[in-house]
Amino acid sequence: MKSVYEANDLPLVEEYDYIVIGGGTAGCPLAATLSEKYSVLLLERGNTPKAHPNVLSASKNMATLMEEDDGDTPAQRFTSEEGVENFRGRILGGTSMINGGFFSEADNDFLAKSGVEWDLGEVDKAYKWVRDSIVSYSNLSAWNSAVKEALLEAGIGPDNGATTKHKLGTKQSGSTFDDQGRRHGAVELLNNGDLKNLRIAIHASVKRIIFSTEYSNPAAIGVIYIDRKGRSHKAFVRNKGEVILSAGTLGSPQLLLLSGIGPQSYLSSQHIPLVHSQPNVGKFMADNPRNTINLIIPFPLQGSSGQIVGITNDYYIETFAYSLPFSPTKLPFGFYPRPLTPPQLSLGSIVEKVVGPLSTGTLWLASKTNVKATPHVQFNYFSNPIDLSRCVGAMSKFGELLKTKSLDGFKYVDLNGVRDFMFLGPPLPTNLSDDSSMEDYCRSSVTSFWHYHGGCLVGKVVDENFKVIGTDSLRVVDASTFVMSPGTNPQATLMMIGRYIGLKMLRERT
Ligand SMILES: Cc1cc2nc3c(=O)[nH]c(=O)nc-3n(C[C@H](O)[C@H](O)[C@H](O)COP(=O)(O)OP(=O)(O)OC[C@H]3O[C@@H](n4cnc5c(N)ncnc54)[C@H](O)[C@@H]3O)c2cc1C
């Protein structure tokens, strides 16, 4: 049955029970669930995975991220105001189609602080619905296995085996990559819906939400989207229907602002007509800092995505291995690789994610006419000292990892027979107990773990049912609603929430 259409081929005016904006990680399970009983239009600005088959393969993931942006490539690049490079998905399935595949559920702290009174039985069922469709466990790669042993040796125990549950210690988690390296992202959850009720439009960029001001609260009654040829389409929701924004952390606050919901003074400075004054739209933007050590491995190492994680209360440590074209200029003097240098450099990356984080920033529009222009965002990494001290703790744990027996075999031997690691990029400071050089290291080598969130927080912009406060028939369901990042990696929880809220909406309506 055909469900996916080019936006060009759809009528200029249509009507549905529900409109979901953004066919991403949360949007796909939500649209699939609503389609079990009602007609749903899912609007996605990107193309299909079939048109970009690299996204379906673990070994091509790096190529996907390196691809030149032609306006339709699945990984859209953006740089935060502090100069940290980042990506956002632009494809059916959203960022779940360009990510590392790591699948791990939320921690209890997230559930307790999220502002939502969860029905934990329904949460479990929703996670299971996702897991049963797209999650696998593969045999640990040699690199993941060595780092897992190193984490245990360095005291991040116990060994919790293989589980998608969040548990202090070290574990193997699930993955949306199967044992053949094929990706099963959020797009596959669409198959769980009733496809005859589901219309999916690709290359459909939503410009604005349409409101009725007939009642005391402005009510979302439809959207305006543009197709690839620049033609404008209108889609409306029927009585009792709703518009749901699942356009992601940057897309959802951007669309609220473009539609006249946001801080009054900001909207008037942009000459955007005010629909509802909401001071917190685009506020509390957060991105978990990532600091990384890249080890050049002295022998060819099979590339592998993340399979294991070390979980503490302050930080998480994950790892992956990959190859880069050999570039002799990057090798420090004094070391030479044995055996002979391969044409590709094998790299083992050990990465850390600061829990939370507590530092937050702001998002504002780059253009009030062009929705394709990624908004500006400033995350203010490490502006909260607790984030910095958590990073320092993690870097000192990195130091312990490098002293473990499990990683010893990944060292080089220099001309004098001295064994040591060879780093690509800055090595850790030599004195790991000097807090000030560790803090400098954290700040100067900060990158993104790509788990950015905020802008439409529960309790500030949306209520505990994810309804936009002060409006009717409008919700936001995606990572923009998060007060903190759920667990070690967010995609499992975003998919769970799509399913959970979808079922809740169906129950409310009947
Ligand atoms: C490189 C990278 C690696 C990552 N690795 C992992 C990992 O291993 N495990 C993990 O759990 N998480 C990982 N993440 C994070 C995770 O993938 C994201 O947090 C999550 O996918 C975000 O889900 P979302 O539903 O909020 O938004 P998205 O999945 O980004 O969905 C938003 C969708 O809305 C569409 N959209 C936006 N604006 C419009 C508009 N105006 N009109 C129509 N459509 C629009 C977008 O094209 C997109 O498809 C990674 C992220 C990146 C970038």
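A cavity is a set of grid points where a 1.4 Å probe fits but cannot get out, and its lining residues have an atom within 4 Å of a point. With that in hand, here are four close-up views of this predicted model.

**View 1. The largest cavity and its lining.** Welcome to the enclosed space of the model: the structure holds one cavity of 30 Å³ or more. The volume of the largest cavity is about 50 Å³. Its lining is made up of F110, S114, V116, W118, V458, F466, T481, F482, V483 and I497. Sorted by class, eight of the lining residues are nonpolar and two are polar, with no charged residues.

**View 2. The surroundings of S304.** Here we look at S304, which sits in the loop between β17 (289-297) and β18 (308-311). Is S304 buried or exposed? With a relative accessible area of 12%, S304 falls under the 20% cut-off and therefore counts as buried. Two side-chain partners are worth picking out. The side chain of S304 makes a polar contact of 2.9 Å with the side chain of S141, and another polar contact, at 3.1 Å, links the side chains of S304 and N144. If we set aside neighbours within four places in sequence, the residues in contact with S304 are S141, N144, F320 and A321.

**View 3. The ligand and the residues around it.** Now for the ligand, which is surrounded by 36 residues. The closest of these are T25, E44, R45, T95 and Q491. For T95, a polar side-chain atom lies 2.6 Å from an oxygen atom of the ligand. The backbone of the protein takes part in this picture too. At G89, a backbone N or O atom is found 3.3 Å from a ligand oxygen atom. At G100, a polar backbone atom is 3.0 Å from a nitrogen atom of the ligand.

**View 4. The second largest pocket.** Our last stop is an open space: the second largest pocket, with a volume of about 570 Å³. Which residues are closest to its centre? Of the 31 that line this pocket, they are D107, N108, D109, L111 and M484. Three elements, α3 (108-113), α4 (120-134) and β16 (283-286), each give two or more residues to the lining. By class, the lining of the second largest pocket comprises 17 nonpolar, six polar and eight charged residues. For comparison, turn back to View 1, where the lining of the largest cavity has no charged residues.

Technical notes
Residues numbered from 1 in each chain as written. Predicted model: local features only at pLDDT ≥ 70, side-chain atom pairs only at ≥ 80, totals over all residues. Heavy atoms only, no water. Helix = DSSP H or I, 4+ residues; strand = E, 2+ residues; numbered from the N terminus. Buried < 20%, exposed > 50% of the residue type's maximum accessible area, 1.4 Å probe, protein only. Polar contact = N/O pair within 3.5 Å; in protein donor to acceptor, adjacent residues only side chain to side chain. Contact = heavy atoms within 4.5 Å. 1 Å grid on protein atoms, 1.4 Å probe; cavity = no way out; pocket = protein on both sides within 12 Å on 5 of 7 lines; lining within 4 Å. Points joined across faces, edges and corners; volume = space filled by probe spheres on them. Nonpolar A, V, L, I, M, F, W, Y, C, P; charged D, E, K, R; others polar. Near = heavy atom within 4 Å.
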